[in-house]
Amino acid sequence: MTPTVLAASAAWFLRPAPTHSARLLRVMLSPGHPPREELVNWMTLVARHSRSSGAPGAATLPARSIPRLVVTGEHDVFLLGPAVRGTLGAELGVVSEAGHLVVEECPEYLSTLLDSPGQPASDAPVG
């Protein structure tokens with residue numbers, strides 16, 4: 001993680017406040033995509049009322065093979081392709097011009113992935 005990501009995350013963890021939530025969200029979203037007020041408020045509530053290590057837990061995968069689709073934005077500061085491949089055995093689809101919060105930035109595109117299994121998840125038009 002970059003110093004910018006670490007600083008924004010630490011401030012959010014240590015002093016939950018809307019200003020710190022907005023700063024972290026600006027790091028998590030793609031450039032030029034300002035966080036909605038409702039998302040800032042939600043992130044502030046999360047910081048105030050839950051505790052996280054900041055690290056994802058280990059995934060327990062079923063014994064049987066099932067199709068998996070993992071998608072993130074090209075500006076994601078947290079999720080890495082090698083970790084997804086190594087843990088889930090899936091390729092990481094990358095959505096153009098999106099950040100870590102693809103569901104916030106591109107909900108319509110994500111719904112098309114669920115409606116059309118097998119469709120490529122990378123280089124998706126954002127709009």
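1. A word to start with: two residues are in contact when they have heavy atoms within 4.5 Å of each other. Keep that in mind as you look at this predicted model.

2. Let's begin with Met43. Leaving aside residues up to four places away in sequence, Met43 touches Trp12, Ser21, Leu24, Leu25 and Met28. Try picking out these five neighbours in the structure above.

3. Now widen the view to the largest nonpolar core, which has 14 residues. Met43 is among those with the most contacts inside this core, together with Trp12, Leu24, Leu25, Met28 and Leu101. At least two core residues come from each of α1, α2 (18–28) and α3. Which helix gives the most to this core? That is α2, with 5 residues.

4. Apart from this core lies another one, made of 6 residues. Val95, Val102, Tyr109 and Leu113 are among them.

5. Next, the empty space. Rolling a probe the size of a water molecule over the atoms shows where such space is left. Here there is 1 cavity of 30 Å³ or more, and the largest cavity has a volume of about 40 Å³.

6. What lines the largest cavity? Its lining consists of Trp12, Phe13, Val46, Ala47, Ser50, Arg51 and Ser52. Sorted by class, that gives 4 nonpolar, 2 polar and 1 charged residues. Both α1 (3–14) and α3 (37–49) supply at least two residues of the lining.

7. One residue to revisit is Trp12: it is listed among those with the most contacts inside the largest nonpolar core, and it also helps to line the largest cavity.

Technical notes:
Residues numbered from 1 in each chain as written. Predicted model: local features only at pLDDT ≥ 70, side-chain atom pairs only at ≥ 80, totals over all residues. Heavy atoms only, no water. 1 Å grid on protein atoms, 1.4 Å probe; cavity = no way out; pocket = protein on both sides within 12 Å on 5 of 7 lines; lining within 4 Å. Points joined across faces, edges and corners; volume = space filled by probe spheres on them. Helix = DSSP H or I, 4+ residues; strand = E, 2+ residues; numbered from the N terminus. Nonpolar A, V, L, I, M, F, W, Y, C, P; charged D, E, K, R; others polar. Core = buried A, V, L, I, M, F, W, Y, C linked by side-chain atoms within 4.5 Å. Buried < 20%, exposed > 50% of the residue type's maximum accessible area, 1.4 Å probe, protein only.
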